[in-house]
Amino acid sequence: MTNPRSAPAAPSPSFSKRRRLHTSGAAQRGHWLWWLAPLALALGLAWLAWYAAGRSDDAVARADAAASAGAWGGVSPFDVAASAPRRPASAGPARTLSPRELQLAMWQQRLERAETVLATYRDATRYPHESRPITEHPDQVRPNDPVEEETVLRRKDGQPIEGLRLRTSQERVFVQGSETVRLSVAVQDASGQFQPLRVTRAVAREMPTARTMSNLAIMPMDFNDQGRAGDVQAGDRRHGALLQPGAQGFGAGQIRVEVFFDAGGEPSGTYFDLFYTPHPPAVWQGGVREAVADGSLHFYLKADVREAGRYVVSARLDDANGKPFALLSFNDEVRAGPQEFRLSVFGKLLRDGQPAFPLTLRDVDGFLLRPDTFPDRSLMPRLVGRVHTGASYPLASFSPMEWSSEERDRYLAELSRDVEEARLRLKQLKSGS
């Protein structure tokens, strides 16, 4: 019998390769950095304000130069007035704007832009990063749903096979402890009908790293259409398999499942990537404590932290009607030992959203971040489904105040100064001073 740890590695399929979510280092980093989206928006808006102000200043400077010279001085009036309000076609012949009118138009546009950027930034940052409306993160509403994909079916040489599509399903990408992963592969024609498929070979292999180049596990996989070993329904032409890394000798890191098959008389294939954590860096201890403090609602989840470091935890919050309401997150350094992870619902978010109480905390996942490594995380056991249903509170229990921080206050002050500068300049121009 061939030793699975010494068997020669077969070449990876070079056809039907798909860029799956989470399968690259950048994608992994993007997965845990979703909570930075409001900050990215804030920085983007700040840049927009700077850019808009710069463009307006440039146009105003040209108009000022023309006014002080008493002539255009080589600067085309069309260049200066390119963004000035246009007269409707029915209003008669166009009239050349005076330098003062050009300045008024430029500063009016700058004021409108500055007011828009200020209002947009204030609205986008009125809640903190760790307590956001779930509508901002639709991909996080059901984190435990299978990853399903439909792509072009390709031949061995990479050319598409006319009229056929590849359908795959992967129960999860990140796997921890004794968890299993259900996989499936199928082929559909243009009308959506599943076509016959013959799996010729399927294996799961550990992907090498810079420190491990040999003795990697290679295990055969049983993709079948007989309703067993991971296949959901016999005879539906969707071939399924089940992988349990912890029971099949795999170590921590990336695992690739390669599937080779014949479809439509052509050899083809695909692959699935997943990332395995055999031993969790921290485990949940059960029980949730909740409290109203500082105008917000807080949930405290107990955990036994075995390895200190930066932990990222996220949870979903539904209202009493089962409607997804908020995405809560924790991102901070944690010491080893018994700890509590605090997930907070910001008071103004509750006041604005007016969810039906009691609220339900569900689908909690967390990991220890490992910067500059691949994979970049070690998973905690996931808590699937309802974790805690809280008490009912009157909305008056929560603060209506917007979130405040040194960074936000600084940006608001800068953007407000842009608005006030434009208003003052317009006032001076209109009064003729």
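Two strands pair if DSSP finds at least two bridges between them. Strands here are DSSP runs of E with at least two residues, helices are runs of H or I with at least four, and both are numbered from the N terminus. With that in hand, Arg-154 has Pro-160 in β3 as its bridge partner.

Some ground rules before the tour. The model is predicted, and local features need pLDDT of at least 70, side-chain atom pairs count only at pLDDT 80 or more, while totals for chains, interfaces and linings use all residues. Residues are numbered from 1 along each chain as its sequence is written, and side-chain values use heavy atoms, with hydrogens and water left out.

## The four-stranded sheet

Arg-154 and Pro-160 take us into an open sheet of 4 strands, ordered β2-β3-β5-β8 with antiparallel pairing. Its edge strands are β2 (147–154) and β8 (239–243), each of which pairs on one side only. Direction ignored, neighbouring strands of this sheet are turned by 20 degrees against each other on average. Such angles are taken between axes, which are lines fitted to C-alpha atoms (for helices over the stretch in contact), and run from 0 to 180 degrees between N-to-C directions.

β2 and β3 also make a hairpin with 5 residues between them, and Gly-158 in the turn has a positive phi of about 90 degrees. On the β8 side of the sheet, Val-185 stands opposite His-239 in β8.

## The three-stranded sheet

Another open sheet has 3 strands in the order β11-β12-β15, again with antiparallel pairing. Here β11 (282–293) and β15 (337–345) are the edge strands, each pairing on one side only. The twist from one strand to the next averages 25 degrees. Within the β11–β12 pair, Val-283 stands opposite Asp-304 in β12.

For easy reference, these are the bridge counts of three antiparallel pairs.

| Strand pair | Residues of the second-named or longer-described strand | Bridges |
|---|---|---|
| β2 and β3 | β3: residues 160–170 | 7 bridges |
| β8 and β5 | β5: residues 181–189 | 5 bridges |
| β11 and β12 | β12: residues 296–305 | 9 bridges |

## Helix α6 and its partner residue

Helix α6 (residues 406–431) has 26 residues and reaches 37 Å from its first C-alpha to its last, close to the 38 Å expected at 1.5 Å a residue. The expected span is 1.5 Å times one less than the number of residues. Its buried residues are Arg-408, Tyr-411, Leu-412, Leu-415, Val-419, Ala-422, Leu-426 and Leu-429. Buried means under 20% relative accessible area, exposed means over 50%, and partly exposed lies in between (1.4 Å probe, protein chains only). After α6 comes Gly-432, whose phi is positive, near 80 degrees.

Which residue has a side chain in polar contact with Glu-421? Arg-110 does, at 3.0 Å. A polar contact is a pair of N or O atoms within 3.5 Å; within protein, one must be able to donate a hydrogen and the other to accept it, and residues adjacent in sequence count only if both atoms are side-chain atoms. Arg-110 sits in helix α4 (residues 99–124) and is buried, with a relative accessible area of 5%.

## Aromatic rings and charges

A search of the whole structure finds 10 aromatic pairs. Rings of Phe, Tyr and Trp (its six-membered ring) pair if their centres lie within 6.5 Å; planes under 30 degrees apart count as stacked, over 60 as edge-to-face and the rest as tilted. Phe-357 and Tyr-393 have ring centres 6.1 Å apart and planes at 75 degrees, so this pair is edge-to-face. The pair links distant parts of the chain, 36 residues apart: Phe-357 is in the loop between α5 (347–353) and β16 (360–369), and Tyr-393 in the loop between β18 (383–389) and α6. Phe-357 is buried, at 18% relative accessible area. Elsewhere, Trp-284, Tyr-311, Phe-330 and Phe-341 form one aromatic cluster.

Charges join in too. Arg-256 lies over the face of Tyr-271, at 4.1 Å from the ring centre, and Arg-410 lies over the face of Tyr-411, at 5.7 Å. A charge sits over a ring if NZ of Lys or CZ of Arg is within 6 Å of the ring centre and within 35 degrees of the ring normal.

## Contacts across the sequence

Arg-351, in helix α5, is partly exposed at 29% relative accessible area. Arg-351 and Leu-395 are 44 residues apart in sequence and 6.0 Å apart in space, C-alpha to C-alpha.
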